[in-house]
Amino acid sequence: MGMKSKLVLGAVVGIVVIGAVSANSGDADGGSGDKGTSASAEQQSAGTKSDGRSDAKPAEDKDAEKASQAEQFKAFVRKNGTPQEKDAVSHITKVQGADEQNDILDAADVYTDFTGGIMGEGTGPAKLIASAFADWKQSDNGLVTVYDADGEIIGNGNF
């Protein structure tokens, strides 16, 4: 089997797997897919439960929810990371995909202000960022990719 045939076969298998995963990630309760247009009675009553108590979250939890994924990640590393990891995450500008996980094909992207692509100064810190990300988020099948300022991949790792 030639190299091109193997590549085409691999691409076809990949597309079939992605299609199967996306078909299985649908609505588990079999209900309507139009959940965004109707609010439940609990949501309409501003978070007051039927027994009169409020299910409102404390102010610190609301602040944590408002923080961007990048800020949440940086805060985690500031609290739990090594000095080298703390220095590396100071270069992060954006994090995407860290909030939604399904343990099937989880993928997160971390954008930094490093320059030079795979041969630039950000390659070493990118490995530290990927390692710290694995400490922050856990998945059965996750991949975090670290990008430089120009959007070029400078590292990745499993989480």
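**Group meeting: rings, core and one serine**

Let's start in helix α6: phenylalanine 133 and tryptophan 136 are three residues apart there, which means about one helical turn separates them. Helices here are DSSP runs of H or I with at least four residues, strands are runs of E with at least two, and both are numbered from the N terminus.

Quick housekeeping. This is a predicted model, so local features need pLDDT of at least 70 and side-chain atom pairs count only at pLDDT 80 or more, while totals for chains, interfaces and linings use all residues. Residues are numbered from 1 along each chain as its sequence is written, and side-chain values use heavy atoms, with hydrogens and water left out.

Okay, the overall layout. The protein chain has six helices and four strands, and along the sequence they run α-α-α-α-α-β-β-α-β-β. Of its 159 residues, 25% are buried, meaning under 20% relative accessible area with a 1.4 Å probe and protein chains only; exposed is over 50%, and partly exposed is in between. As for contacts, that is heavy atoms within 4.5 Å: among those between residues at least 6 apart in sequence, 50% join residues at least 24 apart.

Now the middle of the thing. The largest nonpolar core has 21 residues. By nonpolar core I mean buried Ala, Val, Leu, Ile, Met, Phe, Trp, Tyr and Cys residues joined through side-chain atoms within 4.5 Å. Those with the most contacts inside this core are Phe73, Ile92, Val95, Val110, Ile129, Phe133 and Val144. At least two residues each come from α4 (69-80), α5 (83-89), β1 (92-96), β2 (106-112), α6 and β3, and α6 gives the largest share, six residues. Take isoleucine 129: outside its neighbours within four places in sequence, it touches Phe73, Ala88, Val89, Ile92, Val110, Thr112, Phe114 and Val146.

Back to the rings. How many aromatic pairs does the count come to? Five, if you pair rings of Phe, Tyr and Trp (its six-membered ring) with centres within 6.5 Å; planes under 30 degrees apart are stacked, over 60 edge-to-face, and the rest tilted. One of them is phenylalanine 73 with phenylalanine 133, edge-to-face at 5.5 Å centre to centre and 70° between the planes. Phenylalanine 73 is in helix α4 and phenylalanine 133 in helix α6, so this pair ties together parts 60 residues apart in sequence. Phenylalanine 133 also pairs edge-to-face with tryptophan 136, at 5.4 Å centre to centre and 80° between the planes. Phenylalanine 73 and phenylalanine 133 are both buried, and tryptophan 136 is buried too. Put the ring pairs together and you get a cluster of Phe73, Phe133, Trp136 and Phe159.

Tryptophan 136 has another partner: the charged end of lysine 137 sits over its ring, 4.7 Å from the centre. The rule for that is NZ of Lys or CZ of Arg within 6 Å of the ring centre and within 35 degrees of the ring normal.

Last stop, serine 139, in the loop between α6 (123-136) and β3 (142-147). Is serine 139 buried or exposed? Buried, with a relative accessible area of 15%. Its side chain makes a polar contact of 2.4 Å with the side chain of aspartate 106. Polar contact here means N or O atoms within 3.5 Å; within protein, one must be able to donate a hydrogen and the other to accept it, and residues adjacent in sequence count only if both atoms are side-chain atoms. The serine 139 side chain also reaches the backbone nitrogen of glycine 142 at 3.4 Å. Beyond neighbours within four places in sequence, serine 139 is in contact with Asp103, Asp106 and Phe159.
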